[in-house]
Amino acid sequence: PTEPDPALTTLTTAQLALVAQHFQLLAPCGVISVGEASALLGRVGQEEGGHGLPAVFTHAPPRKLHDLLAFNYDPFCSGHIEWRELLVSLIAQAFPMVPGANLLQIGECLKELRASDVDGDGLLSLQEFLDTKCWFQFSYRPALGFNRFQALKKVLFAALSEPNEETGDLRMNYMNMILMLGTADTLQGGMDKAFHAMARFPGIKPGAALTWEQFDNVVFPFGRENALHVGRTGVETNTKSHRFKGTDIQELVETVAAQFGNKPAEGKPVTITVEQILSFPDGKLFAEQHMQRYILKRLLLF
(Lines give C-alpha, C1' and ligand atoms only; values in the text may rest on other atoms or scores of the structure.)
Protein backbone atom coordinates (compact mmCIF):
# COMPACT_ATOMS: atom_id res chain seq x y z
CA PRO A 1 0.00 0.00 0.00
CA THR A 2 1.15 3.54 -0.69
CA GLU A 3 0.59 6.65 1.36
CA PRO A 4 -1.97 9.12 -0.03
CA ASP A 5 -0.66 12.54 -0.96
CA PRO A 6 -1.17 15.08 1.86
CA ALA A 7 -1.75 18.82 1.60
CA LEU A 8 0.81 20.80 -0.37
CA THR A 9 2.63 22.05 2.74
CA THR A 10 2.56 18.77 4.66
CA LEU A 11 5.20 16.06 4.40
CA THR A 12 4.46 12.39 3.85
CA THR A 13 6.05 9.93 6.25
CA ALA A 14 8.51 9.04 3.46
CA GLN A 15 9.54 12.69 3.27
CA LEU A 16 9.77 12.95 7.06
CA ALA A 17 12.02 9.87 7.01
CA LEU A 18 14.15 11.49 4.34
CA VAL A 19 14.61 14.65 6.42
CA ALA A 20 15.45 12.64 9.56
CA GLN A 21 17.90 10.45 7.65
CA HIS A 22 19.81 13.38 6.16
CA PHE A 23 19.96 15.31 9.43
CA GLN A 24 21.07 12.18 11.29
CA LEU A 25 23.87 11.60 8.77
CA LEU A 26 25.03 15.21 8.79
CA ALA A 27 24.59 15.97 12.50
CA PRO A 28 24.15 12.80 14.59
CA CYS A 29 24.71 14.83 17.76
CA GLY A 30 21.43 16.64 17.05
CA VAL A 31 22.93 20.12 16.62
CA ILE A 32 23.47 21.81 13.26
CA SER A 33 24.15 25.36 12.13
CA VAL A 34 21.19 27.33 10.82
CA GLY A 35 22.93 27.73 7.46
CA GLU A 36 23.57 24.00 7.09
CA ALA A 37 20.00 23.18 8.10
CA SER A 38 18.41 25.52 5.56
CA ALA A 39 20.77 24.32 2.81
CA LEU A 40 19.98 20.69 3.65
CA LEU A 41 16.23 21.26 3.37
CA GLY A 42 16.65 22.93 0.00
CA ARG A 43 18.97 20.20 -1.26
CA VAL A 44 16.82 17.31 -0.08
CA GLY A 45 13.75 18.98 -1.53
CA GLN A 46 15.20 19.15 -5.02
CA GLU A 47 16.84 15.74 -5.14
CA GLU A 48 15.94 12.15 -4.26
CA GLY A 49 14.37 11.19 -7.59
CA GLY A 50 11.06 12.92 -7.12
CA HIS A 51 10.69 11.96 -3.46
CA GLY A 52 11.95 15.29 -2.17
CA LEU A 53 9.99 17.84 -0.20
CA PRO A 54 6.91 19.79 -1.31
CA ALA A 55 7.42 22.71 -3.68
CA VAL A 56 6.86 25.22 -0.86
CA PHE A 57 10.23 24.11 0.54
CA THR A 58 12.12 23.86 -2.73
CA HIS A 59 10.84 27.20 -4.05
CA ALA A 60 11.31 29.16 -0.84
CA PRO A 61 14.07 31.78 -1.18
CA PRO A 62 17.14 30.46 0.69
CA ARG A 63 17.34 33.57 2.86
CA LYS A 64 13.70 33.28 3.86
CA LEU A 65 14.14 29.65 4.86
CA HIS A 66 17.29 30.53 6.82
CA ASP A 67 15.56 33.36 8.66
CA LEU A 68 12.51 31.23 9.48
CA LEU A 69 14.68 28.52 11.01
CA ALA A 70 16.64 31.08 13.01
CA PHE A 71 13.50 32.82 14.25
CA ASN A 72 11.74 29.61 15.33
CA TYR A 73 14.57 27.46 16.62
CA ASP A 74 17.40 29.80 17.55
CA PRO A 75 15.77 32.60 19.56
CA PHE A 76 19.05 33.50 21.28
CA CYS A 77 21.09 33.91 18.08
CA SER A 78 23.65 31.18 18.73
CA GLY A 79 23.80 30.29 15.02
CA HIS A 80 22.75 26.67 15.75
CA ILE A 81 19.54 24.72 16.12
CA GLU A 82 18.58 21.29 17.39
CA TRP A 83 17.22 19.68 14.23
CA ARG A 84 14.91 17.37 16.16
CA GLU A 85 12.87 20.44 17.14
CA LEU A 86 12.41 21.19 13.45
CA LEU A 87 11.42 17.58 12.85
CA VAL A 88 8.76 17.87 15.58
CA SER A 89 7.25 20.87 13.78
CA LEU A 90 7.09 18.93 10.53
CA ILE A 91 5.58 15.91 12.30
CA ALA A 92 2.99 18.08 14.05
CA GLN A 93 1.90 19.49 10.72
CA ALA A 94 1.35 15.99 9.33
CA PHE A 95 0.02 14.46 12.57
CA PRO A 96 -1.84 17.13 14.63
CA MET A 97 -2.75 14.52 17.24
CA VAL A 98 0.93 14.17 18.23
CA PRO A 99 1.32 17.53 20.03
CA GLY A 100 -2.36 17.33 20.98
CA ALA A 101 -1.74 14.62 23.57
CA ASN A 102 -3.11 15.30 27.03
CA LEU A 103 -1.42 14.31 30.27
CA LEU A 104 -3.48 11.15 30.70
CA GLN A 105 -2.57 9.93 27.21
CA ILE A 106 1.12 10.57 27.85
CA GLY A 107 0.93 8.63 31.12
CA GLU A 108 -0.86 5.70 29.48
CA CYS A 109 1.65 5.66 26.63
CA LEU A 110 4.55 5.59 29.09
CA LYS A 111 3.00 2.58 30.82
CA GLU A 112 2.80 0.77 27.47
CA LEU A 113 6.41 1.63 26.63
CA ARG A 114 7.69 0.50 30.03
CA ALA A 115 5.80 -2.79 29.67
CA SER A 116 7.63 -3.39 26.38
CA ASP A 117 10.97 -2.59 28.01
CA VAL A 118 11.57 -6.10 29.34
CA ASP A 119 15.10 -5.50 30.59
CA GLY A 120 14.18 -2.15 32.17
CA ASP A 121 17.01 -0.13 30.65
CA GLY A 122 14.80 2.58 29.18
CA LEU A 123 15.57 1.49 25.61
CA LEU A 124 13.52 -0.26 22.93
CA SER A 125 14.39 -2.01 19.69
CA LEU A 126 12.51 -1.01 16.55
CA GLN A 127 10.27 -4.07 16.73
CA GLU A 128 9.50 -3.49 20.41
CA PHE A 129 8.58 0.11 19.60
CA LEU A 130 6.41 -0.88 16.64
CA ASP A 131 4.59 -3.42 18.81
CA THR A 132 3.77 -0.77 21.43
CA LYS A 133 0.84 1.62 21.13
CA CYS A 134 1.58 5.32 21.53
CA TRP A 135 -1.02 7.99 22.31
CA PHE A 136 -1.44 8.93 18.67
CA GLN A 137 -2.55 5.33 18.00
CA PHE A 138 -4.99 4.87 20.88
CA SER A 139 -8.07 5.61 18.75
CA TYR A 140 -6.64 4.14 15.56
CA ARG A 141 -8.32 1.08 14.12
CA PRO A 142 -6.08 -0.93 11.77
CA ALA A 143 -7.49 -1.28 8.28
CA LEU A 144 -6.32 -2.28 4.86
CA GLY A 145 -4.02 0.27 3.31
CA PHE A 146 -1.03 2.31 4.38
CA ASN A 147 -0.43 2.51 8.14
CA ARG A 148 0.83 6.07 8.60
CA PHE A 149 1.31 5.67 12.35
CA GLN A 150 3.68 2.72 12.05
CA ALA A 151 5.57 4.66 9.37
CA LEU A 152 5.78 7.65 11.73
CA LYS A 153 7.22 5.44 14.46
CA LYS A 154 9.95 4.32 12.08
CA VAL A 155 10.79 8.00 11.51
CA LEU A 156 10.98 8.59 15.28
CA PHE A 157 13.16 5.55 15.78
CA ALA A 158 15.54 6.69 13.04
CA ALA A 159 15.78 10.14 14.62
CA LEU A 160 16.40 8.94 18.19
CA SER A 161 18.04 5.52 18.11
CA GLU A 162 21.69 4.90 18.92
CA PRO A 163 23.78 1.73 18.48
CA ASN A 164 24.56 -0.51 21.42
CA GLU A 165 28.29 -0.21 22.17
CA GLU A 166 28.75 -3.98 22.37
CA THR A 167 26.36 -5.39 19.77
CA GLY A 168 25.79 -2.46 17.46
CA ASP A 169 22.02 -3.05 17.62
CA LEU A 170 19.98 0.14 17.46
CA ARG A 171 17.96 1.10 20.53
CA MET A 172 15.76 4.12 21.23
CA ASN A 173 15.39 5.97 24.54
CA TYR A 174 11.61 6.17 24.79
CA MET A 175 11.59 8.85 27.48
CA ASN A 176 13.48 11.11 25.09
CA MET A 177 10.85 10.33 22.47
CA ILE A 178 8.09 11.52 24.81
CA LEU A 179 10.06 14.61 25.81
CA MET A 180 10.78 15.43 22.16
CA LEU A 181 7.13 15.15 21.09
CA GLY A 182 5.56 16.52 24.29
CA THR A 183 5.25 20.10 23.12
CA ALA A 184 2.41 22.57 23.59
CA ASP A 185 1.40 26.06 22.48
CA THR A 186 2.68 27.49 25.77
CA LEU A 187 5.86 26.90 27.74
CA GLN A 188 3.88 25.86 30.83
CA GLY A 189 1.81 23.38 28.81
CA GLY A 190 4.90 21.73 27.36
CA MET A 191 6.68 21.65 30.71
CA ASP A 192 3.60 20.06 32.30
CA LYS A 193 3.83 17.19 29.79
CA ALA A 194 7.56 16.73 30.43
CA PHE A 195 7.14 16.76 34.22
CA HIS A 196 4.17 14.39 33.99
CA ALA A 197 6.18 11.86 32.02
CA MET A 198 9.40 12.15 34.00
CA ALA A 199 7.60 11.79 37.35
CA ARG A 200 5.30 9.03 36.01
CA PHE A 201 2.50 11.13 37.46
CA PRO A 202 -1.01 9.60 37.35
CA GLY A 203 -4.18 11.25 36.14
CA ILE A 204 -4.94 14.11 33.79
CA LYS A 205 -4.25 17.16 35.96
CA PRO A 206 -0.85 18.92 36.15
CA GLY A 207 1.06 19.03 39.40
CA ALA A 208 3.91 16.55 38.93
CA ALA A 209 6.98 17.33 41.03
CA LEU A 210 10.58 16.53 40.10
CA THR A 211 13.86 16.23 41.95
CA TRP A 212 16.75 18.32 40.68
CA GLU A 213 18.21 15.31 38.84
CA GLN A 214 14.91 14.63 37.09
CA PHE A 215 14.59 18.32 36.27
CA ASP A 216 18.11 18.26 34.82
CA ASN A 217 17.05 15.40 32.51
CA VAL A 218 14.03 17.41 31.34
CA VAL A 219 16.13 20.51 30.68
CA PHE A 220 18.87 18.62 28.83
CA PRO A 221 17.28 15.44 27.37
CA PHE A 222 20.00 15.18 24.72
CA GLY A 223 22.88 16.32 26.90
CA ARG A 224 24.46 19.58 27.98
CA GLU A 225 26.90 19.60 25.08
CA ASN A 226 24.05 20.06 22.61
CA ALA A 227 22.54 22.80 24.72
CA LEU A 228 25.89 24.62 24.76
CA HIS A 229 25.80 25.06 20.98
CA VAL A 230 22.32 26.55 20.93
CA GLY A 231 22.85 28.89 23.84
CA ARG A 232 20.85 26.96 26.42
CA THR A 233 23.67 26.16 28.77
CA GLY A 234 24.14 26.84 32.44
CA VAL A 235 27.66 28.16 31.88
CA GLU A 236 29.08 31.15 30.04
CA THR A 237 29.57 30.69 26.28
CA ASN A 238 31.36 32.59 23.54
CA THR A 239 28.20 32.82 21.43
CA LYS A 240 25.82 35.75 21.29
CA SER A 241 24.03 34.01 24.14
CA HIS A 242 26.80 35.04 26.52
CA ARG A 243 24.20 36.84 28.63
CA PHE A 244 23.32 33.48 30.21
CA LYS A 245 24.73 33.25 33.68
CA GLY A 246 26.01 30.05 35.16
CA THR A 247 23.13 28.20 36.83
CA ASP A 248 23.47 25.23 39.13
CA ILE A 249 20.25 23.26 38.64
CA GLN A 250 20.41 21.63 42.06
CA GLU A 251 20.82 25.04 43.68
CA LEU A 252 17.96 26.46 41.59
CA VAL A 253 15.59 23.65 42.57
CA GLU A 254 16.49 23.94 46.25
CA THR A 255 16.04 27.73 46.13
CA VAL A 256 12.61 27.45 44.49
CA ALA A 257 11.59 24.72 46.93
CA ALA A 258 12.62 26.88 49.89
CA GLN A 259 10.55 29.79 48.56
CA PHE A 260 7.43 27.60 48.64
CA GLY A 261 8.24 25.75 51.85
CA ASN A 262 8.68 22.37 50.17
CA LYS A 263 10.06 19.77 52.54
CA PRO A 264 11.80 16.62 51.31
CA ALA A 265 10.39 13.25 52.25
CA GLU A 266 12.61 11.21 54.56
CA GLY A 267 15.66 10.00 52.68
CA LYS A 268 14.57 11.71 49.44
CA PRO A 269 15.57 14.99 47.79
CA VAL A 270 13.24 17.96 47.65
CA THR A 271 10.97 18.38 44.62
CA ILE A 272 9.35 21.28 42.75
CA THR A 273 6.47 21.69 40.30
CA VAL A 274 6.15 23.58 37.01
CA GLU A 275 3.89 26.15 38.61
CA GLN A 276 6.46 26.83 41.34
CA ILE A 277 9.30 27.24 38.85
CA LEU A 278 7.35 29.68 36.72
CA SER A 279 6.10 31.62 39.76
CA PHE A 280 9.66 32.29 40.96
CA PRO A 281 11.40 35.05 38.92
CA ASP A 282 14.76 33.28 38.56
CA GLY A 283 12.99 30.00 37.82
CA LYS A 284 10.84 31.59 35.14
CA LEU A 285 13.87 33.22 33.52
CA PHE A 286 15.73 29.91 33.56
CA ALA A 287 12.80 28.10 31.93
CA GLU A 288 12.42 30.77 29.25
CA GLN A 289 16.11 30.54 28.40
CA HIS A 290 16.60 26.78 28.58
CA MET A 291 13.28 25.08 27.89
CA GLN A 292 12.05 26.55 24.61
CA ARG A 293 12.01 23.02 23.17
CA TYR A 294 8.70 22.41 24.92
CA ILE A 295 6.91 25.10 22.92
CA LEU A 296 5.48 23.85 19.63
CA LYS A 297 6.92 25.87 16.75
CA ARG A 298 4.94 26.19 13.53
CA LEU A 299 7.05 26.48 10.40
CA LEU A 300 5.01 28.58 7.96
CA LEU A 301 6.65 28.97 4.56
CA PHE A 302 3.82 30.62 2.63
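**Helices, core and cysteines in a predicted model**

A search of the whole structure, which is a predicted model, finds 0 disulfides.

Me: Happy to start with the cysteines! Which cysteine sulfur is closest to the sulfur of Cys109?

Reply: A disulfide needs two cysteine sulfur atoms within 2.5 Å. The sulfur of Cys109 has its closest cysteine sulfur at 3.9 Å, which is too far for a bond. That partner sulfur is in Cys134.

Me: Is Cys109 buried or exposed, and what about Cys29?

Reply: The cut-off for buried is under 20% relative accessible area, and exposed means over 50%. Cys109 has a relative accessible area of 0%, so Cys109 is buried. Cys29 has 42% relative accessibility and therefore counts as partly exposed.

Me: Let's go to helix α10. How many of its 12 residues are buried?

Reply: Helix α10 runs over residues 187-198 and reaches 16 Å from its first C-alpha to its last, close to the expected 16 Å. Its buried residues include Leu187, Gly190, Met191, Phe195 and Met198, and Asp192, Lys193 and His196 are also among them. The helix is largely enclosed by the rest of the structure, because the number of buried residues is 10.

Me: Nice. Which residue with a positive phi follows α10?

Reply: Helix α10 ends at residue 198. After the helix comes a residue with phi near 50°, and this is Arg200.

Me: Which backbone oxygen does the side chain of His196 reach?

Reply: His196 has its place in helix α10 and, at 2% relative accessibility, counts as buried. Leaving aside neighbours within four places in sequence, His196 is in contact with Leu103, Gly107, Phe201, Pro202, Gly203, Lys205 and Ala208. One of these contacts involves the His196 side chain at 3.1 Å from a backbone oxygen, that of Gly203.

Me: Now the core. Which helix gives the most residues to the largest nonpolar core?

Reply: That core has 86 residues, and Met177, Leu181 and Phe215 touch the most other members. With 8 residues, the helix that gives the most to this core is α5.

Me: What does Leu181 touch beyond four places in sequence?

Reply: Leu181 is one of the residues that touch the most other members of the core. Its contacts include Val88 and Ile91, and both positions fall in the range of α5, residues 83-94. The others are Val98, Pro99, Trp135, Phe136 and Leu156.

Me: Over what arc do the buried residues of helix α11 spread?

Reply: In helix α11, residues 212-219, the buried residues are Phe215, Asp216, Val218 and Val219. They lie on the same side of the helix, because they cover an arc of only 160°.

Me: How far in space is Gln214 from Phe195, C-alpha to C-alpha?

Reply: Gln214 is found in helix α11 and counts as partly exposed, at 25% relative accessibility. Leaving aside neighbours within four places in sequence, Gln214 is in contact with Met198 and Ala209. Phe195 is 19 residues away in sequence, and the distance in space is 8.6 Å.

Me: Last one! Which residues of α10 does Ala287 touch?

Reply: Ala287 lies in helix α15, residues 281-290, and is buried, with a relative accessible area of 0%. Val219 is 68 residues away in sequence, yet 8.4 Å away in space, C-alpha to C-alpha. Apart from residues up to four places away, Ala287 touches Ile277, Leu278 and Gln292. Helix α10 spans residues 187-198, and from that range Ala287 touches Leu187 and Met191.

Notes: Residues numbered from 1 in each chain as written. Predicted model: local features only at pLDDT ≥ 70, side-chain atom pairs only at ≥ 80, totals over all residues. Heavy atoms only, no water. Helix = DSSP H or I, 4+ residues; strand = E, 2+ residues; numbered from the N terminus. Expected span 1.5 Å × (residues − 1). Buried < 20%, exposed > 50% of the residue type's maximum accessible area, 1.4 Å probe, protein only. Core = buried A, V, L, I, M, F, W, Y, C linked by side-chain atoms within 4.5 Å. Contact = heavy atoms within 4.5 Å. Arc of directions from axis to C-beta. Polar contact = N/O pair within 3.5 Å; in protein donor to acceptor, adjacent residues only side chain to side chain.
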